[in-house]
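User: Could you walk me through reading charged pairs and overall packing in a protein model, giving the general idea before each case?

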Amino acid sequence: MKRVVALMGIFLLIWEASYSIPVFARQYKVSCNTCHAAYPRLNSYGEKFVEDNLRMPNWKDTTVKTGDSMLYLPAEVPFAIRAMAYAQLRQGKYIDPVTGESKKADTDFQAPYMIKLLSSAPISEHISYYFYAILAEKGENGKIIVEDAYFRYGNLANAGVDFMLGQFQISDLMFPRELRLTFQDYMIYRMAGITYDRGVLFSKGFGNLSVDVGVVNGNGIKDNFSINSPGYQRPDHMFDNDRRKTVFGRVGIDLDFASPGVFGLYGRHKTRQLADAGTIEGSRYADKKIIGFDVSGDVNGRIYWFGQYLYNDWGKFIDDTPGKTYRWWGMFAGVDYIYSDRVVLSALYNYADAGDFDNTSTVFEGININTLTVAYTYYFARNVKGIVEATYDFLPKDNDADFVGHETKEGYILIGFDAAF
């Protein structure tokens with residue numbers, strides 16, 4: 001107990017990060033609460049700002065007056081900084097799924113956890129851009145990683161269709177992970193592999209109905225290959241690593257009391273072998289199908305609630321059992337209570353059932369999760385907050401002879417600060 005109290009005291013000296021982007025507040029000379037109920041959570045105006053192609057009606061007034069009607073330069077260089085750092089008391093540890101070798105550190109100073117450079121601005125009548133680059137992440141300094149990065153074209157061909165090309169998260173169609181108030185993630189999005197990918201997205205509104213359809217490479221943002229077949233000194237680079245694409249879409253409706261939606265995805269992914277706990281890539285491709293249902297709403301702009309269900313059919317995913325189809329499902333539900341301008345209370349429940357992967361002695365047994373996260377956030381300023389968060393793990397530890405599944409509990413306590421500028 002003394003160790004916990006001492007560590008919590010030290011936490012108060014640690015910086016965490018925000019998920020807002022102060023570029024917009026700086027550009028339009030408005031407060032963060034114009035778009036955020038409690039940053040990074042968007043309010044209704046913030047959601048409309050996104051729908052309006054990341055711009056306010058007076059966006060031209062914020063550009064340099066060059067006398068050229070075809071040039072729109074932001075009057076200020078549109079950059080912002082996010083800096084994340086944590087200190088935690090954590091139950092989890094590293095376990096090699098093949099050998100069982102393990103490492104553990106009960107307490108951890110994760111500083112800097114992440115440092116981001118962000119930029120966004122409208123650059124023509126219809127085109128806006130957005131990107132952020134990670135300058136340091138999870139202890140890996142000295143390397144830069146770009147995650148969100150895209151061009152967005154509003155009202156394509158005057159047909160009311162928005163078009164986006166670039167790198168983005170498929171799951172942003174439901175609940176953007178960058179806008180959550182908890183450190184704890186929406187875990188099923190990562191397990192289902194519907195986070196970062198490269199592709200195109202078309203969006204169209206029909207009154208209170210919205211339709212989104214997209215196509216992505218389907219291989220994330222790491223796998224790729226180079227081309228050299230045209231001839232000597234004429235190489236090029238492919239961002240994809242095979243011929244297959246993944247298609248997905250969502251239909252949503254805004255009602256007075258809630259905003260439900262239906263999500264679907266179809267693609268192909270490389271199979272796995274049972275050898276080495278399922279970490280070895282197989283020789284075939286299997287179908288990947290996902291069906292999801294999401295719903296969200298708010299009460300007087302003070303209580304924001306949300307939930308997501310995903311059913312995953314990964315086809316004949318294991319080479320060693322070519323006649324068997326592997327399916328699993330998961331969900332999360334949460335609520336953010338804006339108690340006052342200073343205080344926000346949040347809760348997030350994550351649950352997933354590994355389904356057909358149970359008892360396969362593969363890493364996919366680890367899909368099983370059952371956790372509850374609660375967080376207390378205090379805003380020292382609109383863009384500076386302190387956070388206390390804890391996660392409780394309801395699942396018991398595995399007692400199997402293998403080294404996969406729920407080998408350790410995954411609860412934690414986290415305390416820190418959050419600022420953006």
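**Reading salt bridges and packing**

Analyst: D106 and K104 form a salt bridge, with their closest N and O atoms 3.4 Å apart; the term means a side-chain nitrogen of Lys or Arg within 4 Å of a carboxyl oxygen of Asp or Glu. This is a predicted model, in which local features need pLDDT of at least 70 and side-chain atom pairs count only at pLDDT 80 or more, while totals for chains, interfaces and linings use all residues. Residues are numbered from 1 along each chain as its sequence is written, and side-chain values use heavy atoms, with hydrogens and water left out.

User: What is the general idea behind such pairs, and how many salt bridges does a search of the whole structure find?

Analyst: Side chains of opposite charge can pair when their charged atoms come close. Here the search of the whole structure gives 19 salt bridges, and R177, R180, D185 and R190 are linked in a network of them.

User: Which parts does the pair of R82 and E178 tie together?

Analyst: The side chains of R82 and E178 meet in a salt bridge at 3.6 Å, N to O. R82 belongs to strand β4 (residues 79–90), whereas E178 sits in the loop between β10 (161–169) and α4 (187–192), so the pair ties together parts that are 96 residues apart in sequence. Strands (E, at least two residues) and helices (H or I, at least four) are DSSP runs numbered from the N terminus.

User: Is R82 buried or exposed?

Analyst: Accessibility is read in classes: buried means under 20% relative accessible area, exposed over 50%, and partly exposed in between, with a 1.4 Å probe and protein chains only. R82 counts as buried because its relative accessibility is 2%, and E178, at 14%, also counts as buried. In the pair described at the start, D106 is partly exposed at 31%, and K104 is partly exposed at 46%.

User: How should I read the protein as a whole, and how many helices and strands are there?

Analyst: The protein has five helices and 23 strands. Its radius of gyration, taken over C-alpha atoms, is 23 Å, close to the 22 Å that the globule rule (2.2 Å times the number of residues to the power 0.38) gives for 421 residues, so the protein is as compact as a globular protein of that length. Buried residues make up 46% of the 421 residues, and the C-alpha atoms fill a box of roughly 70 × 65 × 50 Å along the principal axes.
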